[in-house]
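Here's a quick briefing for anyone meeting this structure for the first time. Have a look around, then read on for some places worth stopping at.

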Amino acid sequence: MTDKTPRNRITPEEALAYHLEPRPGKFDVVPSTPMATQRDLSLAYSPGVAVPVQAIADRPETAYDYTTKGNLVAVISNGTAILGMGNLGALASKPVMEGKAVLFKRFADVNAIDIELDTEDPDEIIQAVRLMGPTFGGINLEDIKAPECFIIESRLKELMDIPVFHDDQHGTAVICAAGLMNALQLSGKRIEDVKIVLNGAGAAGIACLELIKTMGARQENCIMCDTKGVIYQGRTEGMNQWKSAHAVVTEARTLEEAMKGADVFLGVSAKGAVTPEMVESMAENPVIFAMANPDPEITPEDAHAVRPDAIVATGRSDYPNQVNNVLGFPYLFRGALDIHARAINDEMKLACARALAELAREDVPDEVAVAYGRKLQFGRDYIIPTPFDPRLIHVIPPAVAKAGMDTGVARRPIIDMEAYTHALKARMDPTAAILQGIHARARQHQARMIFAEGDDPRVLRAAVAWQRGGMGSSIVVGRESDVREKLEAAGLGDAVRELTVVNAHSTRHLDAYHDFLYRRLQRKGVDREDADKEVNRDRHVFASLMLAHGHGDGLVAGATRKNAHVLAQIGQVFDVRPQDGAVGITAVLHKGRIVLIGDTLVHEWPEAEDLADIGTRGAHVARDLGLDPRVAFLSFSNFGYPVSERAEKMAEATHVLDRRQVDFEYEGEMTVDVALNMDQAAKYPFSRLTGPANVLVVPARHSASISVKLMQEMAGATVIGPILTGVDKPIQICSTSSTVNDILNMAAIAAGRLGQVR
């Protein structure tokens, strides 16, 4: 049996650094209302807060209107079953629960707070959670071992009037059910007729079988197995009331015997639990959901080797058909919270599963295909939507909400479902999707990335992450002894063997580099000796020559020197001057919006023709990121008023684009509020922009730099760039303040632009 090791290896040092920097943990709590003035504080606390207090006392349901209750979930654990690691205690579970909280926010804009309870007594947990009920709109139980998890969830459902949901059980069950619906459709079988074998009689396994029976699977057709074999009627060893509910009359006593003739295998057990021989004995077109993590019961390769007709799903992201709970729990709670639900019932879970199954059958948006580096189409290798499908947020919650309303658990039904769907679309933050797309395209190219500054620990950590993250191979410019020393200091000493470390003293191409640079610079006042010194001494020149000669696919530089200096050094090898068509575009991502600002790197004081070039380059970058470009030429004036010589060139840039007959929206000159705010833009109904601008062309490089850094420092915006375009090879220049992630993002942009440079 073969085993597939994921390419994306995370080292302990990387994992600890991620949780430590920039400050411990994974989220902050920030106010959503103004807190600047004395009046603000008086409204937030005393005396203003007394008004909503009285309103809630008079009408408790208004707590959903005046507090965060309606969008707040508690993620609760006692750490007795942490991620398959076992009982490590409440405190050790906190990183997992914080992670769960940020997944709620990332995928469904649900606020969540983690709460770790230091007890293994079910009664104490039940009492603690019950007493916290007024605070939250829902309870997500996590990593609590069986059978206590059944007791706790069941009792809390009886006691509380808000949704209580144990994701280890029902989250897995919902996604499993969605995948099974589509797998059976593809195999031409009905759920009422199929023989199902489930291995793993814990919380997830029992929940999967119960939900599948709710879908129509027959009790007598479902065989459950645990570590002691088949759970059959009359068995006494290792039994409890939850297993007994699924005991059947059967002669089978082992998993191997149960698998003979089975149509469906569901595994939530352990690596290697299923052999190729077991798969070979299954019925025609078998469905195999090997969901054990981190390694499945059987790999897809081994299953397909004996049964090419099998439909296989796993819990792994590096195989097709990932059964991933993040497809379920955020959207289940989103729909439940939005109707102020008293519970999440079976009908809501099945509605979620059906909506997921139906979504997988629809045409997949281009941005998802771009993000995953391949066209996804409903079939044996695509029966479950991908976690980054942007439609999930506005497809799944309405289905859940409707089911909740139809079954009477909604306190406040949604009247206008179409308006609700539009509101859900507006909650989507494109930041993560865009970054996901950038990295997915880069991973597809598997570029040999040159990291020019091998003496900087940030660059070295990024180079290691690039290689170990399955993005491609890393080439570091530096001295091997220095690289080894710095990697050891960072706790990555073993990584030096994985990197390719080069310098002027170790390369066999030095003479070719010398000749190339001398030919390029000899008519620019540079003699042979000076050219040779540049190659030998300057890492940016050396790295650029490597790229020019095809000894790498992309280049990342700039982490240790100012942009202007790095650009000048690269300019000795490549044409990166304004007249050469080079442009720097910086992406600014903030509060769910993204704008591209140019030129932040090359043009000091562009004229109208240059500005038109910048707008065109910006539009190309926008399209690379999956955006429909809308270009605005910015000024302090709007369409000729007030009159200014400096504003005139911005207006003239639009006339240049008129003459070029470009294929994207553009307008100007205009102020930034008119460009970004459609209410302000409404004052100018003749504007050609059909929505807020996403490419902002500013009058000069200094204004571009000021704009970007102001957003970064004052608003906490995420900045990617400047993205260098208009050059013959993929080159990206970081800033000296770049983090490891920033450097990785720039490397991914460089790799993603392979084949589409200039």
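Which residue in S18 is the bridge partner of Val631? It's Tyr666. Keep in mind that this is a predicted model. The pair belongs to a sheet, so that's a handy place to start, before moving on to a helix pair, some salt bridges and a few unusual backbone spots.

**The six-stranded sheet**

- The sheet is an open one with six strands, and going across it you meet S18-S17-S19-S16-S15-S20, with mixed pairing.
- S18 (665-670) and S20 sit at the edges with a single partner strand each, so one side of each has no neighbour in the sheet.
- From one strand to the next, the twist averages 20°.
- At one end of that order, strand S17 (residues 630-634) and S18 run parallel and are joined by five bridges.
- At the other end, strand S15 (residues 583-590) and S20 run antiparallel, with six bridges between them.
- One of the residues to look for here is Ile585, whose bridge partner in S20 is Ile723.
- S20 (residues 718-725) may be an edge strand, but seven of its eight residues are buried, so the rest of the structure largely encloses it.
- In general, strands of a sheet pair through backbone hydrogen bonds, and they can do that either parallel or antiparallel.

**A helix on the sheet**

- Helix H30 (residues 701-715) packs on the sheet, where it touches S15, strand S16 (593-598) and S20.
- The direction of H30 makes about 25° with that of S15.

**Two helices that cross**

- Packed helices are described by two things: the angle between their axes and the distance between the axes.
- For helix H8 (residues 167-187) and helix H15 (residues 346-361), the axes come within 8 Å and cross at roughly 45°.
- That angle is neither under 35 degrees nor in the 65 to 115 range, and H8 and H15 are therefore oblique to each other.
- The crossing of H8 past H15 is right-handed.
- On the H8 side, the residues in contact include His170, Val174, Ala178, Met181 and Gln185.
- Facing them from H15 are residues including Lys349, Leu350, Cys352, Leu356 and Arg361.

**Salt bridges**

- The whole structure has 44 salt bridges.
- Side chains of opposite charge can pair when their charged atoms come close.
- Asp28 and Arg23 make one of these bridges, at 2.5 Å from N to O. Asp28 is partly exposed at 45% relative accessible area, and Arg23 is partly exposed too, at 48%.
- Glu98 and Lys94 form another, at 3.6 Å from N to O. They're four residues apart in helix H5 (residues 94-108), which puts about one helical turn between them.
- Which of Glu98's states applies, buried or exposed? Glu98 counts as buried, with 12% relative accessibility, while Lys94 is partly exposed at 30%.
- Asp406 and Lys402 meet in a salt bridge at 3.0 Å, N to O. Both lie in helix H17 (residues 392-406), four residues apart, or about one turn of the helix.
- In that pair, Asp406 counts as exposed at 55% relative accessibility, and Lys402 as partly exposed at 46%.
- There's also a network of salt bridges linking Glu609, Asp613, Glu652, Arg659 and Arg660.

**Cis peptide bonds**

- Ser46 and Pro47 are joined by a cis peptide bond, with omega about 10°. You'll find Pro47 in the loop between helix H2 (38-44) and helix H3 (50-58).
- Tyr641 and Pro642 are also joined by a cis peptide bond, with omega about -5°. Pro642 is in the loop between S17 and helix H27 (645-660).

**Positive phi without glycine**

- Asp143 isn't a glycine, yet its phi is positive, about 50°. Asp143 lies in the loop between strand S3 (138-141) and helix H7 (148-159), and it counts as buried at 3% relative accessibility.
- Phe639 isn't a glycine either, and it has a positive phi of about 50°. Look for Phe639 in the loop between S17 and H27, where it is partly exposed at 23% relative accessible area.

Conventions. Residues are numbered from 1 along each chain as its sequence is written. This is a predicted model: local features need pLDDT of at least 70, side-chain atom pairs count only at pLDDT 80 or more; totals for chains, interfaces and linings use all residues. Side-chain values use heavy atoms; hydrogens and water are left out. A salt bridge is a side-chain nitrogen of Lys or Arg within 4 Å of a carboxyl oxygen of Asp or Glu. Buried means under 20% relative accessible area, exposed over 50%, partly exposed in between (1.4 Å probe, protein chains only). Helices (H or I, at least four residues) and strands (E, at least two) are DSSP runs, numbered from the N terminus. Two strands pair if DSSP finds at least two bridges between them. Axes are lines fitted to C-alpha atoms, for helices over the stretch in contact, and angles run from 0 to 180 degrees between N-to-C directions. Contact means heavy atoms within 4.5 Å. Angles under 35 degrees count as roughly parallel, over 145 as roughly antiparallel, 65 to 115 as roughly perpendicular and the rest as oblique. A crossing is left-handed if the near helix is turned anticlockwise from the far one by less than a right angle, and right-handed if clockwise.
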